[in-house]
Protein chains: 2
Amino acid sequence: MKSHLLTYSDFTEEEIAQVLYHFEEKRFKKKDFIIRTGQIDRYQYFISHGCVRGYIVDYNGKEHNIAFRFEEFWFGDMESFTNNTKAHYNYQALEDLTVLAISKTNWDKISNEIPAFVEYSRNLFRNAMISQQNRIAKHLMQTAEQRYEQLITEHPHVLQRISLKNIASYLGVTPEFISILRKKVAKK
Amino acid sequence: MKSHLLTYSDFTEEEIAQVLYHFEEKRFKKKDFIIRTGQIDRYQYFISHGCVRGYIVDYNGKEHNIAFRFEEFWFGDMESFTNNTKAHYNYQALEDLTVLAISKTNWDKISNEIPAFVEYSRNLFRNAMISQQNRIAKHLMQTAEQRYEQLITEHPHVLQRISLKNIASYLGVTPEFISILRKKVAKK
DNA sequence: GTAATTTCTTGAACTACTTCAAGAGTATTG
DNA sequence: CAATACTCTTGAAGTAGTTCAAGAAATTAC
């Protein structure tokens, strides 16, 4: 966490200590829910160990993965957290999970006291915004086959930890179609 | 612009004057390019009048609209602007356009001098991140027909100003298919 | 104000992807 | 370690959306 803070803004040792003081460690078991649709998300979570998926459920009850998050990444339903509204997304542990959690109260407190933290979070949001934008562009430009190939070449470690069913949902296709793609790609 | 600053953070009158001082007004004609793929985007743009589309070109030379921006909104290739790298996206005026432009140099200067500006931009990025996330979710959940219907009910003004061809590209379908959808929706 | 260009529509043939059903393989649980 | 429950695969039939070609309608340009 400390090194993560320093890569996105300049903190003094004292500021770092002050920031870290406002986090609490939490643990979850595989398959536990950290955030559920309809509830208010009062924390942001920084993963120290494990991984999670974020997903949304459509009117037919079908689940759609919008994100996977691994060690050294943040997750949370930012809209719910910011506006105290009901969360649109669910976040579920895909492995046993250890996180550093920060409450909204502490988040706001640190934001007021430590300008470097505002800059840190600005940089995080900017990067997130950029990568979401790029993801949208890829969805518009590429077929499912291209998205799958790009995923396995650019993020091969993801396949070690995430089931094909979950990958399929993230890519926006059915598990059956991922099977077909796998056969195709294997032939090349 | 002034009222926009105030809705996203607390500025003193003096700070507002200081921020505004670092913008320059620029004008473009309909169809002009403000940002082109491959060039470095050295400005961020706040629209005072007109609208633009952001798009990316795929390997087949096909264009894909990733965004439309109207009055009182920002645009720019944030990745290029931040890292001084080549822009992935093109931004083109869809109408005669007047913008307030801020250079990277001035952006960084204001960020160092005015904490409220860092908070302002953090809030912008956060909102952008949230709406991109929601857009991805909609793409995963909805058919093109549902996305089209939602667009015309939630943003009917968009249809007054944007051609169907450009809407089609934004929704991720062909213009021909938008025609089909329009007939379907008209029947209801 | 007419020519030139672009946008929108229509229809027929095609492709990427889904749905459903069923079986094999792999984890998880008591 | 047997029972249960997921995950992954296969195939056949179906659907959402594409491609291509061509014409009508609307905009732009000289």
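The following exchange concerns a predicted model of a protein with two DNA strands.

Q: Let us start with DNA strand D. How many residues surround it, and which are closest?
A: DNA strand D is surrounded by 16 residues, and the closest are A:K165, A:S179, A:R182, B:K30 and B:A144. Of the atoms of this strand that come within 4 Å of the protein, 76% belong to sugar and phosphate.

Q: Which polar backbone atom is 2.8 Å from a phosphate oxygen there?
A: That atom belongs to A:K165. A backbone N or O atom of A:L164 also lies 3.1 Å from a phosphate oxygen of DNA strand D.

Q: And what about side chains, say A:S179?
A: A:S179 places a polar side-chain atom 2.6 Å from a phosphate oxygen of DNA strand D.

Q: Which elements supply at least two residues each to that surface?
A: They are α8 (164–171) and α9 (175–187) of chain A, together with α9 (175–187) of chain B. The largest share, four residues, comes from α9(A).

Q: How do the residues of that surface divide by character?
A: Four are nonpolar, five polar and seven charged.

Q: Now DNA strand C. Which residues come nearest?
A: Of the 16 residues around DNA strand C, the nearest are A:A144, B:L164, B:K165, B:S179 and B:R182. Sugar and phosphate make up 74% of the atoms of DNA strand C within 4 Å of the protein.

Q: Which side chains of chain A have a polar atom by a phosphate oxygen of DNA strand C?
A: Among them are A:K30, with a polar side-chain atom 3.2 Å from a phosphate oxygen, and A:T174, with one at 3.1 Å. From chain B, a polar backbone atom of B:K165 is 2.8 Å from a phosphate oxygen of DNA strand C.

Q: Which element gives the largest share of the surface near DNA strand C?
A: The largest share comes from α9(B), which gives four residues. The residues of this surface divide into four nonpolar, five polar and seven charged.

Q: Changing topic: is strand β7 of chain A covered or uncovered on its faces?
A: Both faces of β7(A), residues 90–93, are covered. A:N90 and A:Q92 are buried on one side, and A:Y91 and A:A93 are buried on the other. In a regular strand, side chains alternate between the two faces of the sheet.

Q: Which strands are joined to β7(A)?
A: Strand β2 of chain A (residues 33–35) is joined to β7(A) by two bridges, and the pair runs antiparallel. Within that pair, A:F33 has A:Q92 as its bridge partner. Strand β4 of chain A (residues 52–57) is joined to β7(A) by four bridges, again antiparallel. There A:Y55 stands opposite A:N90.

Q: Where is A:L94, then?
A: A:L94 is in the loop between β7 and β8 (97–103) of chain A.

Q: Why does A:L94 count as buried?
A: Its relative accessibility is 15%, so A:L94 falls under the 20% limit for a buried residue.

Q: What is in contact with A:L94, beyond its sequence neighbours within four places?
A: A:L94 is in contact with A:K30, A:C51, A:V52, A:R53, A:F68, A:I162 and A:N166. A:K31 is 63 residues from A:L94 in sequence, yet the two are 5.8 Å apart in space, C-alpha to C-alpha.

Q: Last topic: which residues touch the most other members of the largest nonpolar core?
A: They are A:F11, A:W74, B:F11 and B:W74, in a core of 44 residues. A second, separate core has 40 residues, including A:F28, B:I35, B:I56 and B:A93.

Note on methods. Residues are numbered from 1 along each chain as its sequence is written. Chains are lettered from A and ligands numbered from 1 in the order in which they are written. This is a predicted model: local features need pLDDT of at least 70, side-chain atom pairs count only at pLDDT 80 or more; totals for chains, interfaces and linings use all residues. Side-chain values use heavy atoms; hydrogens and water are left out. A residue is near a molecule or strand if one of its heavy atoms lies within 4 Å of it. A polar contact is a pair of N or O atoms within 3.5 Å; within protein, one must be able to donate a hydrogen and the other to accept it, and residues adjacent in sequence count only if both atoms are side-chain atoms. Ala, Val, Leu, Ile, Met, Phe, Trp, Tyr, Cys and Pro count as nonpolar, Asp, Glu, Lys and Arg as charged, and the others, Gly among them, as polar. Buried means under 20% relative accessible area, exposed over 50%, partly exposed in between (1.4 Å probe, protein chains only). Two strands pair if DSSP finds at least two bridges between them. A nonpolar core is a set of buried Ala, Val, Leu, Ile, Met, Phe, Trp, Tyr and Cys residues joined through side-chain atoms within 4.5 Å. Contact means heavy atoms within 4.5 Å.
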